[in-house]
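The exercises that follow invite you to read a protein model step by step. Please keep the sequence and the 3D view at hand while you work through each solution.

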Amino acid sequence: MHDSTHLKPQQQQRPPLHRRRHWCCSFTTPPLSPDNPVLSRSRSSSSCNKKTELQHHQKLPLARRILSPGRVSPISDNPVITQKTPKKVQASPKSPVPPADSEISTRDEGNLGNFDVRLNLKGKNGGSLILELGSEVLTANSPVFADLIANYRKNVSGFCRIEVPNVDNLNVFRDTIELMFDEHIPKKLLKIGVFRAIDILEVSSSIKFSRGVSSCIKYLEAVPWTEEEEEKLRELFPKLKNIDNAKTTDISDRLFTLNSTDSHQTLTKQLIYSITASTNTNSRNDQKSLVKALICKSSVYEKDSPDLNKADIYSVCESCLTSLTTLLLEASGASDNNTGSNKNPPLLERISRQVDNINWLLEILLDHHMAEEFVDMWANQEVLLKMHGNASPMVRYEISRVSAMLFIAMGTRKFHCPAETRLGLLKVWFRPMLSDFGWLQRCKKGLDMKALEDAMGQSLLTLPLKEQCPLFMDWFHCFSKNGSECPNLGKAFQIWWRRSFQRGSETFAIESR
């Protein structure tokens, strides 16, 4: 009983440190709190047994000790009542620990040793952190702290108290101060990681900690970044001050480039040309998806980028149309064994590849609202139209895949052409579409046949009524002969009939059903 009574005042006693550290915190042993009552009691009960060991334990260098980062206790439902006097750390007689703020006086200044600066960090969110350091290290590493210490000691000698208000992140500031006591900062940064190193770079720049700035820049330049880290660096670099531009050149070159409209458009044109010239189907499809995602209007990469050069895209379209015409001429005059006499892929495969390229370019034009001119270009393909009538069904249905995409775009309001342009397109390619519809159903290649049927009917209804009549009659005769091999435009035909031969409110009532 006597021993247990004697131990109660010692519950707050600090156990010894068992390994050397570059700098020390008074909360190496967790304080008594509702979160760890068992740990506190068990360590306090063993403190007497280790009293002898404490007297022989080697003391850490005092210039590298930080006092009471936990002076502001965590917020909890059961607040911890702290003592007025600080926790005492066992030390050698030559290096006594300074007393609390309220007890430091002139008579104690002779016993302060290397701990002659108390740094009080005030966070923006209300937290605080008190670090007790040596002025020699702070002065040697930070001109900002050197000036603050010098100005303070003009009026008051001895122990120096410095307050740093509005600290964004107390832990980052503490880590930055810790690096001043570390001889191998690059190794420490490898453990910290890129995201934390960016924060330390910002603090090091603000306090003119040149060794920290240099180490952070070298580390960040040498490692890859995630998109989040890159964006954080991009936001930070314009704010950095007191840094030699020569040191940040390598990182700036990775973050920023010349905003050259010409270079952007030239590279885009080169990429598109490269894709249309590719002969590997798998890689070409992957590259199409990649480039389209980069240059489409909804892409995050296109928000601040210049728009596409319409002339460049249409020049590639013309090149693909020329190649398609050449291949169809070859198909019309080729013998049965001509496709196997050379190293080129089969003729039908090359025709299909050019049609895929044209449809992909059309998708890009539609996304950038530039497709109206392509409608005129396709409607004026007289050579293709002539060869379509003479080609085999397997060849000519490939041509109708382009027409199908234009009909779907027109019927779903993806571009807006004058009536003359729409009429020209439908007069040229509507009848070939009727004959190729059956082949398109058997080999869809991603085509939505239901959408095509609806779009064809809607496209016809955009024409003047007198222009609709011959086209609808052509469809009616084709459908009566071929049935399911022909698109079913019955709904659009009814609308045309009622608009043409019924008048007034009766027509509106029927169409609104």
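A residue is called buried when its relative accessible area is under 20%, exposed when that value is over 50%, and partly exposed in between. The model shown here is predicted.

**Exercise 1. Decide whether Leu-131 is buried or exposed, and say where it is found.**

Step 1. Leu-131 belongs to strand β4.

Step 2. The relative accessible area of Leu-131 is 0%, and because buried means under 20%, Leu-131 counts as buried.

Step 3. Leu-131 can also be placed relative to Arg-174, which is 43 residues away in sequence, while the two C-alpha atoms are 8.3 Å apart in space.

**Exercise 2. Give an overview of the protein chain: its secondary structure, its buried share and its contacts.**

Step 1. Counting the elements of the protein chain gives 23 helices and five strands.

Step 2. Of the 513 residues in the chain, 42% are buried.

Step 3. Among the contacts with a separation of 6 or more, 71% are between residues 24 or more positions apart.

Step 4. The surface that the chain exposes comes to about 29000 Å², and 52% of this is supplied by carbon and sulfur atoms.

**Exercise 3. Work out the strand order of the open sheet, and describe how its strands pair.**

Step 1. The open sheet is formed by three strands in the order β4-β3-β5, with mixed pairing. Its edge strands, each pairing on one side only, are β4 (128–133) and β5 (160–167), and from one strand to the next the twist averages 15°.

Step 2. Strand β3, which covers residues 117–123, pairs with β5 in the parallel sense over six bridges. Along this pairing, Gly-123 stands opposite Val-167, and Asn-120 has Glu-163 as its bridge partner.

Step 3. On the side of β4, the pairing with β3 is antiparallel and also runs over six bridges, with Leu-121 opposite Leu-129 of β4. The hairpin of these two strands has four residues between them, and Gly-126 in this hairpin takes a positive phi near 105°.

Step 4. As for cover, six of the seven residues of β3 are buried, and helix α5 (residues 143–155) lies across β3 and β5, running at about 135° to β5.

**Exercise 4. Which residues have the most contacts inside the largest nonpolar core, and what surrounds helix α16?**

Step 1. The largest nonpolar core holds 74 residues, and those with the most contacts inside it are Phe-374, Trp-378, Phe-415, Phe-430 and Leu-452. Helix α18 (residues 393–411) contributes the largest share of this core, namely 11 residues.

Step 2. Leaving aside residues up to four places away in sequence, Phe-374 touches Tyr-314, Cys-317, Ile-358, Leu-362, Leu-365, Val-402 and Leu-406. A second, separate core has 45 residues, including Leu-179, Leu-201, Ile-207 and Ile-251.

Step 3. In helix α16 (residues 372–379), the buried residues are Phe-374, Val-375, Met-377, Trp-378 and Ala-379. The elements that cover them include α14 (310–333), α15 (347–367), α17 (382–390), α18 and α19 (419–442).

**Exercise 5. Describe how α18 and helix α20 are placed relative to each other.**

Step 1. Two packed helices are described by the angle between their axes and the distance between the axes.

Step 2. The axes of α18 and α20 (residues 449–461) come within 8 Å and cross at roughly 65°, and the crossing is left-handed.

Step 3. Where the helices meet, Ala-404, Phe-407, Ile-408, Met-410 and Gly-411 of α18 are in contact with Ala-451, Leu-452, Ala-455, Met-456, Gln-458 and Ser-459 of α20.

**Exercise 6. Locate Asn-166 and Lys-445, and classify each by its relative accessible area.**

Step 1. Asn-166 lies in strand β5 and has a positive phi of about 55° although it is not a glycine. The relative accessible area of Asn-166 is 56%, so this residue, being over 50%, is exposed.

Step 2. Lys-445 lies in the loop between α19 and α20 and, although it is not a glycine, has a positive phi of about 50°. With a relative accessible area of 42%, Lys-445 is partly exposed, because that class takes in the values between buried and exposed.

Technical notes: Residues are numbered from 1 along each chain as its sequence is written. This is a predicted model: local features need pLDDT of at least 70, side-chain atom pairs count only at pLDDT 80 or more; totals for chains, interfaces and linings use all residues. Side-chain values use heavy atoms; hydrogens and water are left out. Buried means under 20% relative accessible area, exposed over 50%, partly exposed in between (1.4 Å probe, protein chains only). Contact means heavy atoms within 4.5 Å. Accessible areas come from the Shrake-Rupley method with a 1.4 Å probe; for residues, only the protein chains shown count as cover. Two strands pair if DSSP finds at least two bridges between them. Axes are lines fitted to C-alpha atoms, for helices over the stretch in contact, and angles run from 0 to 180 degrees between N-to-C directions. A nonpolar core is a set of buried Ala, Val, Leu, Ile, Met, Phe, Trp, Tyr and Cys residues joined through side-chain atoms within 4.5 Å. A crossing is left-handed if the near helix is turned anticlockwise from the far one by less than a right angle, and right-handed if clockwise.
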